[in-house]
Amino acid sequence: MRILVVNAGSSSLKLSIVGDDEEREDAVELSRGSDASRERRDDHAELREALGRLTADGVAAVGHRVVHGGGRHAPALVSDELLEEIDGLDALAPLHNRVAADAIRRVQDLLPDVPHVACFDTAFHAGLPLVARTYALPDAWVDRLGIRRHGFHGLSVRWAVERAADLLGRDASELGLVVAHLGSGASVTAVEDGRSVATSMGMTPLEGLVMGTRSGSVDPGILLALLRDGVDVDELEDGIAHRSGLVALSRDTSDVRALEARAATGDERARLALDVFAARAAAEIAAAATALRRLDALVFTGGIGWHAARVRAAICERLSTLRVPLADGAEDAGPDAADRVLVPPAEHRPALIAVRAREDLVIARDVRAFVTNRPT
């Protein structure tokens, strides 16, 4: 059963074919400009050609990554009603849900004869303990908007947990892990007995770590002060979602490799951007560890977490009080690098692990199970 996986991001549309052996058979990545949530490129012909090539040998179903699923906790068959739900959550994930819904509609039009299944990043965090998902806000506000911590990057975290367990030769149900998904979007999740028990992103993907263009957590008083000073809601949203994070700190880029190259030549803004990113990541990792009975491993994944050895080393150096070992910052992961234990576990010391993000395999697995068990 070959599954086509569609992962619509803010700057690219990733298409991959995953076979029964859970290996990626082929993949295409289409550029969508600097920000697909603000402007759409006319890439219909390019998309049609890519789908034609990838599906020439047939596909049984299409799986779509959707960042915010609201109250949905399981994969769901795409329908007009479901697309309306995804569109309706756009305000909670403005960089993601609108882009995902657009991709689903476009791929459905080109592949109308196979089932399309949505898989949600928020689903992994659906069982967050009450203490981890509750905000200290007035009941009237909570009831009005259904305010709670949802958490994101769940598909990536699921894969990272599975691979960490394999690499350590233990069952995931025996492990206490902190998974740091570091990329354009970044989050930290504490996983105990295979379940999410704390996570840094909240009701929206804006909370938590410093990210590529997102501010992460800031003093809410700053936002109130900006509103009182005449900044309107649209400008505020644009600022914290599109013009903050590494782009703001460096003044022009969120590319970590470019920032590292500039920092090496003495660029103080680039150095500051990397230092703030590492400091915030370390603080969120330390906070997540408090939700665990024990910390067996710190797992790095996502584009930055996988590739950027110097960033990992800077984060680990700040976590020495938690007995986190120092990571080797000498060499970034190459294109053919395998998931690996960077530092093995020792008495009273967690392991360090690097795992390549593979949401496509998790989505394909979920879609395969959904199609197989779907009533006829």
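**Exercise 1. Work out how strand β7 sits in this predicted model: is β7 enclosed or open to the outside?**

*Step 1.* Start by checking burial along the strand. Strand β7 covers residues 176-182, and seven of its seven residues are buried. Here, buried means under 20% relative accessible area.

*Step 2.* Now split the strand into its two sides. In a regular strand the side chains alternate between the two faces of the sheet. On one side of β7 you'll find G176, V178, A180 and L182, and on the other L177, V179 and H181, all of them buried. Both faces are covered, then.

*Step 3.* Put it together: β7 is largely enclosed by the rest of the structure, because seven of its seven residues are buried.

**Exercise 2. Find the strands that β7 is joined to, and say which way they run.**

*Step 1.* Take β8 (residues 186-192): seven bridges join it to β7, and the two run antiparallel. If you want one bridge to look up, A180 has V188 in β8 as its partner.

*Step 2.* Look at what links these two strands. β7 and β8 form a hairpin with three residues between them.

*Step 3.* Now go to β10 (residues 297-301). Five bridges join β10 to β7, and this time the strands run parallel. Try V179, whose bridge partner in β10 is V299.

**Exercise 3. Lay out the six-stranded open sheet and find which strands stand at its edges.**

*Step 1.* Write down the order: β3-β2-β1-β4-β6-β5, with mixed pairing.

*Step 2.* Read off the two ends. β3 (24-31) and β5 (76-77) each have a single partner strand, so one side of each is left without a neighbour in the sheet.

*Step 3.* See what "mixed" looks like in practice. β1 (residues 3-8) pairs with β4 in the parallel sense over four bridges, and I3 is matched with A61 in β4. By contrast, β2 (residues 12-18) and β3 pair in the antiparallel sense over seven bridges, with L15 facing V28 of β3 as its bridge partner.

*Step 4.* Check the turn between β2 and β3. These strands make a hairpin with five residues between them, and E22 in the turn has a positive phi of about 60°.

**Exercise 4. Decide whether A56 is buried or exposed, and locate it.**

*Step 1.* Find its place in the chain: A56 is in the loop between α1 (44-54) and β4 (61-66).

*Step 2.* Compare its accessibility with the cut-off, which is over 50% for exposed. A56 has 61% relative accessibility, so it counts as exposed.

*Step 3.* For a sense of distance, pick Y135, which is 79 residues from A56 along the chain. Their C-alpha atoms are separated by 49 Å.

**Exercise 5. Judge whether the radius of gyration agrees with that of a compact globule.**

*Step 1.* Get the expected value. For 376 residues, a compact globule would have a radius of gyration near 21 Å.

*Step 2.* Compare: the protein has 20 Å, which agrees. Its C-alpha trace spans about 55 × 55 × 45 Å along the principal axes.

*Step 3.* Add the contacts. Of those between residues at least 6 apart in sequence, 67% join residues at least 24 apart.

*Step 4.* Finish with inside and outside. Buried residues account for 51% of the 376, while the protein exposes about 17,200 Å², with 50% of that supplied by carbon and sulfur atoms.

Notes. Residues numbered from 1 in each chain as written. Predicted model: local features only at pLDDT ≥ 70, side-chain atom pairs only at ≥ 80, totals over all residues. Heavy atoms only, no water. Buried < 20%, exposed > 50% of the residue type's maximum accessible area, 1.4 Å probe, protein only. Rg over C-alpha atoms; globule rule 2.2 N^0.38 Å. Contact = heavy atoms within 4.5 Å. Areas by Shrake-Rupley, 256 points an atom, 1.4 Å probe, with all protein chains shown as cover. Pairing = 2+ DSSP bridges.
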